[in-house]
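User: I have this model open and would like to go through its internal spaces and ring contacts with you. Could you take a look?

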Amino acid sequence: MNIEQISLFAENKPGRIWEGSPMAADAIDYPDVSAPDYMPVEQLRYLQLRRLQATVIRTWQQVGLFRSRMDERGLKPQDIRSLDDIEKLPFATKSDLRDTYPFGLFASPMKDVVRLHASSGTTGKPIVVSYTKDDVDMWTSVLVRCLAGCGLHRGDIVQIAFGYGLFTGGLGYHYGAEALGAAVIPASGGNAARQIMLMKDFGVTAVCCTPTYFLHLIDRAAEMGVDLKELPLRVGFFGAEPWTESMRKHIEDRSNLEAFDLYGLSEIIGPGVGCECRQHDGLHIIEDHFYPEIVDPDTGKTLPDGVEGELVFTTLSKQAMPMIRYRTRDITAILLGQCACGRTMRRIRRIGRRSDDMLILRGVNVFPSQIEAALLEIEGTLPHYQIILTREQGLDQMEVQVEVTPQMFNDKIVALKGLHSKLQAALDHVLGIRVQVSLVEMRSLERSEGKAKRVIDRRTQ
Ligand SMILES: [Zn+2]
């Protein structure tokens, strides 16, 4: 393709086809678009390259920051001739979104934008993301593929307990589940008692929320005398924060549902960037729309499949706000080999940690997920914990507060002491440093309506 043809291609809009929303040009080249998840790899790579080239042109033409970074590197859109050439392109980061607040990275005029979302940052201004009508349709189509791949279908009753509003969670799932033909209950977050009531009275078969919030619902249901195992719950989609296999087991043991990890982030589209299939062997990335790379988090050098590093995404079909080489801060690896389900979309290992979640305690790197995994291995604890960092006489201290089951608290003090030393030994072993362990009663730690607040850092106070 020469540059004019690529430009023309860039103007093509993805069709409104739930089965994969190919760009019109591709539909002509490849009429077999009914099952994009199973597209032959060679065909997929060709599609990715063409979409990448179109995205680079569009972004170069419309987004000043991207164009100036290309200029600094002496790069032109036509220098992207193969998928490997993606390494030449500059990275984008969350601070780019903040620095250009609110609309600086938009590649579409506002008359073409039909939706805005924003995510609240911990500091200062939120980041803003935008969607054209075609972007919303594409988002819907990728969610349909994720949800359908996990067995959700027409007739399911889906309770969406992700927050609706500026956050992408609620509306993202909503459009996908509805397009699939399921009955959607837009419960949004909060009010656990009402959530349980809806689940019970409406015969809910599927839930979508953060894993932490579902833990809260499990506890609340128990208090209300509702046995989640007796409800028709069948599938659960959990995301928006890292969670462990032990957490999955805890959820599944108490609810009879099959728990799926669904990945997404607002900067790329929202939920639906990738999802587990029923093999539960990593998350398939919807690669025809989101191109994954793994890079060394320190040097930015691209790493081969199979090696752990930072996940980076390039959107391949988004119009209003294309993202080129966006650094997610999530640490994972692209899994080698094909999944037993037959999908050709590459998989990433479940996200265990984020590069910015890392705590440095007395020179040792500590990740909250390591602590969670260790705690959940031990009988008598609940998956509610909090990490409190303090500084005493110039030395960093960490206290891990863990809720224990009511039975444990009613038992003899000897049992509690035994549990305490077991936890202490497990954490010493996993972390390699001494931390303080405190056992607390069930429900004494603050519950989260969304993402859990696991770490309280009082070191600067
Ligand atoms: Zn699979």
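User: How many cavities of 30 Å³ or more does a search of the whole structure find?
Analyst: This is a predicted model, and searching the whole of it turns up five cavities of 30 Å³ or more. The largest cavity holds about 130 Å³ of space.

User: Which residues are closest to the centre of the largest cavity?
Analyst: The largest cavity is lined by 13 residues, and those closest to its centre are L65, F66, A92, L105 and I324.

User: And which helix gives the most to that lining?
Analyst: That is helix α4, residues 64–72, which gives three residues to the lining of the largest cavity. By class, this lining comprises ten nonpolar residues, one polar and two charged.

User: OK, pockets now. What volume does the second largest one have?
Analyst: The second largest pocket has a volume of about 580 Å³. It is lined by 23 residues, of which H250, R254, T381, L382 and T405 are the closest to its centre.

User: Which elements supply at least two residues each to its lining?
Analyst: Four do so by name: α9 (211–223), α10 (245–255), β18 (381–392) and α12 (406–410). Of the elements in the lining of the second largest pocket, α10 gives the most, with five residues.

User: What's the split by residue class there?
Analyst: The lining of the second largest pocket divides into ten nonpolar, six polar and seven charged residues.

User: Back to α10 then. Which of its residues are buried?
Analyst: Within α10, the buried residues are S246, M247, R248, H250, I251 and S255. H250 therefore appears twice in this picture, being buried under the 20% cut-off for relative accessible area, and also being listed among the residues closest to the centre of the second largest pocket.

User: What do the buried residues of α10 pack against?
Analyst: They pack against α9, β6 (235–238), β7, β8 (270–276), α11 (368–376) and β18. Just after α10 comes N256, which takes a positive phi of about 70°.

User: Switching to rings: how many aromatic pairs does a search of the whole structure find?
Analyst: The search finds eight aromatic pairs. One of them is formed by Y131 and W139, whose ring centres are 4.9 Å apart and whose planes meet at 10°, so this pair is stacked.

User: Are Y131 and W139 buried or exposed?
Analyst: Y131 is buried, with a relative accessible area of 0%, and W139 is buried as well, with a relative accessible area of 3%.

User: What about Y263 and F313, how are their rings arranged?
Analyst: The ring centres of Y263 and F313 are 6.2 Å apart and the planes stand at 35°, so the pair is tilted. Y263 belongs to strand β7 (residues 258–265) and F313 to strand β12 (residues 309–315), so the pair ties together parts that are 50 residues apart in sequence. Y263 is buried, with a relative accessible area of 7%, and F313 is buried too, at 0%.

User: Which residues do ring pairs link into a cluster?
Analyst: F162, F167 and Y173 are linked into a cluster by ring pairs.

User: Last one: which rings have the charged end of R115 or R350 over them?
Analyst: The charged end of R115 sits over the ring of Y175, at 4.9 Å from the ring centre, while that of R350 sits over the ring of W243, at 4.2 Å from the ring centre.

Conventions. Residues are numbered from 1 along each chain as its sequence is written. This is a predicted model: local features need pLDDT of at least 70, side-chain atom pairs count only at pLDDT 80 or more; totals for chains, interfaces and linings use all residues. Side-chain values use heavy atoms; hydrogens and water are left out. Rings of Phe, Tyr and Trp (its six-membered ring) pair if their centres lie within 6.5 Å; planes under 30 degrees apart count as stacked, over 60 as edge-to-face and the rest as tilted. Buried means under 20% relative accessible area, exposed over 50%, partly exposed in between (1.4 Å probe, protein chains only). A charge sits over a ring if NZ of Lys or CZ of Arg is within 6 Å of the ring centre and within 35 degrees of the ring normal. On a 1 Å grid over the protein atoms alone, a cavity is a set of points where a 1.4 Å probe fits but cannot get out, and a pocket is an open set with protein on both sides within 12 Å along at least five of seven lines; lining residues have an atom within 4 Å of a point. Grid points are joined across faces, edges and corners, and a volume is the space filled by probe spheres set on the points. Ala, Val, Leu, Ile, Met, Phe, Trp, Tyr, Cys and Pro count as nonpolar, Asp, Glu, Lys and Arg as charged, and the others, Gly among them, as polar. Contact means heavy atoms within 4.5 Å.
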